[in-house]
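Here's a quick briefing on the model in front of you. Have a look at the structure before reading on.

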Amino acid sequence: MTIPAIFFAYVAVLLAALIGVGIFSEMRRRGFTPSQSEDRIFRCPDCGYVYTDDPDVDRSRCSQCGKLNEAIKF
Ligand SMILES: [Zn+2]
């Protein structure tokens with residue numbers, strides 16, 4: 001093997017590893033994002049506390065002052 005061939009092989013392996021890590025992190029990100037965005041966001045108008053709750057609840061009680069709040073819709 002010549003020096004340029006070794007250098008090219010080294011760069012190719014490095015690029016493949018970077019692409020592999022990129023795809024892996026992208027898959028991880030896509031796998032986790034839906035479960036987070038499905039949670040409903042609530043904002044208490046009384047104390048201003050912002051919190052999230054399960055997507056199957058329409059109203060959630062504020063953990064700071066106990067007021068029942070409607071979910072924020074986007
Ligand atoms: Zn509150």
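Domain bounds here come from an automatic or database domain assignment. That assignment gives the protein domain 1 (1-37) and domain 2 (39-74), and their centres, taken over C-alpha atoms, sit 40 Å apart. Keep in mind that this is a predicted model: local features need pLDDT of at least 70, side-chain atom pairs count only at pLDDT 80 or more, and totals for chains, interfaces and linings use all residues. Residues are numbered from 1 along each chain as its sequence is written.

**Overall shape**
- The protein has one helix and four strands (DSSP runs numbered from the N terminus: H or I of at least four residues for helices, E of at least two for strands), in the order α-β-β-β-β from the N terminus on.
- Its radius of gyration (over C-alpha atoms) is 24 Å, well over the 11 Å from the globule rule for 74 residues (2.2 Å times the number of residues to the power 0.38), so the protein is more spread out than a compact globule.
- Along the principal axes, the C-alpha trace spans about 75 × 20 × 20 Å.

**Burial**
- Just 1% of the 74 residues count as buried, meaning 20 or more other C-beta atoms, placed from the backbone, lie within 10 Å of a residue's own.

**The β1-β2 hairpin**
- Strands β1 (residues 40-43) and β2 (residues 50-53) run antiparallel and are joined by four bridges; pairing takes at least two DSSP bridges.
- Ile 41 stands opposite Thr 52 in β2.
- Six residues lie between β1 and β2 in this hairpin, and Gly 48 in the turn has a positive phi of about 80 degrees.

Note on methods. Buried ≥ 20, exposed ≤ 12 C-beta atoms within 10 Å, placed from the backbone.
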